[in-house]
Number of protein chains: 2
Amino acid sequence: MTTATHDAIPTARYAERIGKGLTATADHGLDALLVGVGPDLDYLTGYRAMPLERLTMLILTPGDHGIRLVVPRLEEPAARVGVRPDVEIVTWEETDDPHHLVADLVRVASSSGPATDRPLEVAVSDRLIAMHLLPLQDRLAGARFGSASAVLRELRIRKDADEIELLRLAGAAADRVVAQIAAGRLVGRTEADVAEEVRTRLRAEGHELAQFAIVASGPNSASPHHEALDRVIQAGEPIVLDIGGTLGGYASDTTRTLWVTGGDDRNGPDEAFRHLFGVLHTAHQVATAAVRPGVPAEEIDRAARAVIDGEGYGEQFFHRTGHGIGLEGHEEPYLVAGNREPLEAGMAFSIEPGIYLAGRYGARIEDIVVCGPDGPIVLNNEPRELRVVAG
Amino acid sequence: MTTATHDAIPTARYAERIGKGLTATADHGLDALLVGVGPDLDYLTGYRAMPLERLTMLILTPGDHGIRLVVPRLEEPAARVGVRPDVEIVTWEETDDPHHLVADLVRVASSSGPATDRPLEVAVSDRLIAMHLLPLQDRLAGARFGSASAVLRELRIRKDADEIELLRLAGAAADRVVAQIAAGRLVGRTEADVAEEVRTRLRAEGHELAQFAIVASGPNSASPHHEALDRVIQAGEPIVLDIGGTLGGYASDTTRTLWVTGGDDRNGPDEAFRHLFGVLHTAHQVATAAVRPGVPAEEIDRAARAVIDGEGYGEQFFHRTGHGIGLEGHEEPYLVAGNREPLEAGMAFSIEPGIYLAGRYGARIEDIVVCGPDGPIVLNNEPRELRVVAG
């Protein structure tokens, strides 16, 4: 499963990332950066350990220029295969206390510098679980714990060309699945059955994980994060299809709205839905067109919202316009009111306005977009218009 | 995906669990139990929210008998479908601070009781991520944070009849996949290719998640958590097959060791491997036979280790003998030296000794076992003997 990323990202890139991580840790005045299993570890080392309960942790300590990976002994051979850059591997045995081990490594590394009375400053990765964070706080009593994202977001938020290529491949694969589903039979099947087909097709198109398949039909389309149910899809209703997973470690996430007629034109979309969808489509276009370096993230949200508010659907668009994407399905930057951070070339995010009329129906359009040097680079290219299909 | 559990566990059971959770929270002297997305939330409410970044959190506050679920507004409809027992749903908007909201709910609920000067006592679920735990610690400055497992393990550690039935179904499905793989072609294929077949077959046998497929051939079989690679399987070597996922929300996890001959009897296992495997098989049998209520968890580990140590392989068995299993693939109780907790009827765990000769080969046998009132109830029933197959 790790092969695609391992092929796509050269080993030297990991060494560069981890070097930058160590420098940034020092620049932030931290004694240690503690990175558990998850996307930050993958970004820095290429190692995708299973998220099990035994502690695996990358420790960057500027005090002694330390780059160490703590792993359970039984996972040492797997770590030696999975970790790309040169790191010192420190193992612990089943009856050891790994949190104590990490605390000792942090203390020793910090004492390499000039002695001070200030508390230790430690940052932990966002996905570190309480099962590890609470014992670390206990073993490093008196230390101050913050989020490693203050350090790592600067590295991860702008995607390089290899990462953008992986996002493009993931997006193209998801696009093909959307086209396949739109061309197939839908009426008379359950949402859950179609969702299972989506997952199978995502894998067939190269995804190693098919994490979500929202198939929201009829009134369920008014629930943005609807979980596919046993509801049978009827002729004469919309289906919001929001699908994604990972390919080569990078996430896909796209949404299209279909209207199924069952082959009878009398079951086409009503005027109210056509109007709603037209407003949504315009909002999506306007938001996408607003993407360029220097524009605050919240402006993209504002652009979509202005169109939707102007047509009186403001209350029915109750989520942000988008989220960053990369090794995680949702990551920074978030396109949401209050986020004044300016977009920069290489940032990748979804643009996904939606309009939801509770109890009746809803619609959403979502593309993954990269902020290019001169404007948006759109990674999903299936038609965005309302697709009226026989289903 | 939630259907199987939702069918198998009656709604009244969730109401009972959440009631016990509230009582146990009070009994532990806690002001609040905070449960994020993950197995604890699933156990208490049946709700399997996606592990995304927006905060979803069940809050149990004995001070006002509060049972509240905080969810992002856009997930409210999904939560109303997914949550089984009666809970008060509190929503937050995209521009709200959900950690502030939780902190306020905890403070108000705690002030319902008699006023005291003691710090608030709060426990959080083991799988809560730092992205949420650190802000909660900030918003509830002065509160003491501990692990919710002190409360929830008492509820979760003994499986009821419905849970054991789900574990049995998951185990039987994994057994069928082992049999199918053992009967198929192996020599000349890559480990990664066989691992992909395992995942496909687990899903075909009813698993909603096929989380891992260790296919460790030849020298790779000496790495307990080996990730399947592009190595081509050869005639005349062992393959450790350790596979699992979830079915109806409950985990499967089984290991069998094959020896592939490529159809030529001259490629059979050497004497050293036969001896190693014989010792391992005996250790597995002895450990399984030792299971009964009242026996300390570490005794099962000791029983397996005594056999393996006695034959001089002690250094080559460097992991614990087993882990609990249920909604999580690894959970309490752990069968490891130092865990003196007595087994009780209804506890479910793996028994999985292994012997690993670095650079050469290794073997492991793993079953899921429930502690019955009079002894072990074994949920995996594929033959445990060394399987010499053409492959």
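Pro333(B) sits in strand β12 of chain B, which covers residues 331-335, and a cis peptide bond with omega at about 0° ties this proline to Glu332(B). Keep in mind that this is a predicted model. Chain A has its own cis bond, between Glu332(A) and Pro333(A). Beyond that, the main story is a two-chain contact that takes 50 residues from chain A and 50 residues from chain B, with the chains related by a two-fold axis.

**Backbone oddities**

- Glu332(A) and Pro333(A) are joined by a cis peptide bond, again with omega at about 0°, and Pro333(A) belongs to strand β12 of chain A.
- His65(A) has a phi near 55°, a positive value in a residue that isn't glycine.
- You'll find His65(A) in the loop that runs between β2 (57-61) and β3 (66-72) of chain A, and with 62% relative accessibility this histidine counts as exposed.
- In chain B, His65(B) also shows a positive phi, about 55°, despite not being a glycine.
- His65(B) is placed in the loop between β2 and β3 (66-72) of chain B; its relative accessibility is 64%, so it counts as exposed.
- For background, most residues other than glycine have a negative phi, and most peptide bonds are trans.

**How the two chains relate**

- A turn of 180° with a shift of 0.0 Å along the axis lays chain A on chain B, at an RMSD of 0.0 Å.
- That is why you can call the relation a two-fold axis.
- Within chain A, Ile129(A) has the C-alpha nearest the axis, at 2.2 Å.
- Both copies use the same surface: 100% of the contact residues of chain A turn up again in chain B.

**The interface**

- About 4400 Å² is buried between chain A and chain B, and carbon and sulfur atoms account for 58% of that area.
- On the chain A side, the residues losing the most area to chain B are Leu74(A), Arg127(A) and His225(A), which together make up 13% of what that side buries.
- There are 2 salt bridges between chain A and chain B.
- One of them pairs the side chains of Glu53(A) and Arg320(B), with N to O at 2.5 Å.
- Polar contacts between chain A and chain B come to 17 residue pairs, counting pairs with both residues at pLDDT 80 or more.
- At least two residues each come from α4 (76-82), α6 (130-139), β6 (144-147), α9 (191-204) and β7 (209-217) on the side of chain A that touches chain B.
- Of the elements on that side, α6(A) gives the most, with 5 residues.
- By residue class, the side of chain A that touches chain B splits into 23 nonpolar, 12 polar and 15 charged.

**Two covered helices in chain A**

- Besides its part in the interface, α6(A) is mostly covered, with 7 of its 10 residues buried.
- Those buried α6(A) residues are Ala130(A), His132(A), Leu133(A), Leu134(A), Pro135(A), Leu136(A) and Gln137(A).
- Helix α7 of chain A, residues 149-156, is mostly covered too: 6 of its 8 residues are buried.
- The buried set in α7(A) is Ser149(A), Val151(A), Leu152(A), Arg153(A), Leu155(A) and Arg156(A), so two arginines are among them.
- What do the buried residues of α7(A) pack against? Their partners in chain A are α2 (11-27), β1 (32-36), α3 (39-45), β6 and β12 (331-335).
- That links two threads from above: β12 of chain A holds Pro333(A), and β6 also supplies residues to the side of chain A that touches chain B.

**A buried isoleucine in chain B**

- Ile59(B) lies in strand β2 of chain B, residues 57-61.
- Is Ile59(B) buried or exposed? Its relative accessible area is 1%, under the 20% cut-off, so it counts as buried.
- Setting aside neighbours within four places in sequence, Ile59(B) touches Leu33(B), Leu34(B), Gly66(B), Ile67(B), Arg68(B), Val70(B), Val102(B), Leu105(B) and Val106(B).
- Ile59(B) and Gly324(B) stand 265 residues apart in sequence, and their C-alpha atoms are 26 Å apart in space.

Terms used
Residues numbered from 1 in each chain as written. Chains lettered and ligands numbered in written order. Predicted model: local features only at pLDDT ≥ 70, side-chain atom pairs only at ≥ 80, totals over all residues. Heavy atoms only, no water. Contact = heavy atoms within 4.5 Å. Buried area = accessible area lost by both parts, 1.4 Å probe. Salt bridge = Lys/Arg side-chain N within 4 Å of Asp/Glu carboxyl O. Polar contact = N/O pair within 3.5 Å; in protein donor to acceptor, adjacent residues only side chain to side chain. Helix = DSSP H or I, 4+ residues; strand = E, 2+ residues; numbered from the N terminus. Nonpolar A, V, L, I, M, F, W, Y, C, P; charged D, E, K, R; others polar. Least-squares fit on C-alpha atoms with pLDDT ≥ 70 in both. Buried < 20%, exposed > 50% of the residue type's maximum accessible area, 1.4 Å probe, protein only.
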